[in-house]
Amino acid sequence: MTEEQAQLQERADSHINYTDAINYWTETPPTVDGVLGGYGEDTVVPTMDVLGSSFFLRKLKSRMIVAQDHQKIGVDIGAGIGRVTRDMLHKFCDQIDLVEPVEPFVKQMDVELHDLKEQGKIGTIYPIGMQDWTPQEGKYWLIWCQWCVGHLPDQEFIKFLQRCKNGLQPNGTIIIKENNTPTDTDDFDDTDSSVTRCDKKFRQLFIEAGLKLIAVDRQKGLPNELYPVRMYALKPE
């Protein structure tokens, strides 16, 4: 790799463009197959994803004891059509807020989350990007970010994590579930204007944000052609 190529590689996140990303996802069908890039309900991905996430949260149970006089309030970041909330998060949280900037996805939440809304399980839906979202201080027991933070450049990701840290209840937890590159370099995808980070980069950014990694697990059972996926559990230093 030449020095110029190395510099471009180090700055994979510099190519991220929010408008390009929104345009891409706005043109994507608001379905499970759409939000999962063609790996919808006819594949093992949705089922294995939910099983892996649920297992990870159950393993963390003793480290996620809710503080006295608090409820298990969660927030689903980059929530898409609400699939993760619908299929998994509502089983662990008393109520869930959602953050999602793509208008057709937000509209589809009315369908996907109708029953949970009737049960009072859905709180506020924020139709904005995570780069523009600031959580209420001390509100959340769980902040869940899945397959979305690749749309934030490194420094914006650090700022986002710091805001999330301020939004945690005592003993609250941030979970980042994301693709990893199989090497120690990051990859930019101009299709949806996102970056896939390596495991090493994630760990570096967590430290810079003032978070400590309390657990990490690799998602099992996904097709071999997909990037490795890891779940990171974080608490304030």
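**Pockets, rings and cysteines**

Let me start with the lining of the largest pocket, whose residues divide into 29 nonpolar, twelve polar and nine charged. I should say at once that we are looking at a predicted model, so please keep that in mind as I go through the details.

That largest pocket has a volume of about 1,200 Å³, and of the 50 residues that line it, the closest to its centre are Trp 25, Val 35, Trp 147, His 151 and Asp 192. If you want to find the walls in the viewer, at least two residues of the lining are supplied by each of α2 (18-26), β1 (73-77), α5 (83-87), β5 (168-179), β6 (187-189) and β7 (194-196). The largest share comes from α2, with five residues.

The second largest pocket has a volume of about 170 Å³. Its lining consists of Leu 57, Arg 58, Lys 61, Met 64, Ile 65, Val 66, Lys 72, Phe 92 and Trp 141, and these residues divide into six nonpolar, three charged and no polar.

Let me turn now to the aromatic rings, where the count comes to nine aromatic pairs. One of them joins Tyr 24 and Trp 25 in an edge-to-face arrangement, with 4.9 Å from centre to centre and 85 degrees between the planes. How accessible are these two residues, Tyr 24 and Trp 25? Tyr 24 is partly exposed, with a relative accessible area of 29%, whereas Trp 25 counts as buried at 17% relative accessibility. You will remember Trp 25 from the largest pocket, where it is among the residues closest to the centre. Elsewhere in the chain, Phe 157, Phe 202, Phe 206 and Tyr 232 form one aromatic cluster.

My last topic is the cysteines. How many disulfides does the structure hold? The number is zero, and two residues help to show how that comes about. The sulfur of Cys 148 has its closest cysteine sulfur in Cys 145, at 5.3 Å, which is too far for a bond, because a disulfide needs the two sulfur atoms within 2.5 Å. Cys 164 is likewise in no disulfide, and its nearest cysteine sulfur, again that of Cys 145, is 5.2 Å away. As for their surroundings, Cys 148 is buried, with a relative accessible area of 5%, and Cys 164 also counts as buried, at 0% relative accessibility.

Terms used. Residues are numbered from 1 along each chain as its sequence is written. This is a predicted model: local features need pLDDT of at least 70, side-chain atom pairs count only at pLDDT 80 or more; totals for chains, interfaces and linings use all residues. Side-chain values use heavy atoms; hydrogens and water are left out. Rings of Phe, Tyr and Trp (its six-membered ring) pair if their centres lie within 6.5 Å; planes under 30 degrees apart count as stacked, over 60 as edge-to-face and the rest as tilted. Buried means under 20% relative accessible area, exposed over 50%, partly exposed in between (1.4 Å probe, protein chains only). On a 1 Å grid over the protein atoms alone, a cavity is a set of points where a 1.4 Å probe fits but cannot get out, and a pocket is an open set with protein on both sides within 12 Å along at least five of seven lines; lining residues have an atom within 4 Å of a point. Grid points are joined across faces, edges and corners, and a volume is the space filled by probe spheres set on the points. Helices (H or I, at least four residues) and strands (E, at least two) are DSSP runs, numbered from the N terminus. Ala, Val, Leu, Ile, Met, Phe, Trp, Tyr, Cys and Pro count as nonpolar, Asp, Glu, Lys and Arg as charged, and the others, Gly among them, as polar.
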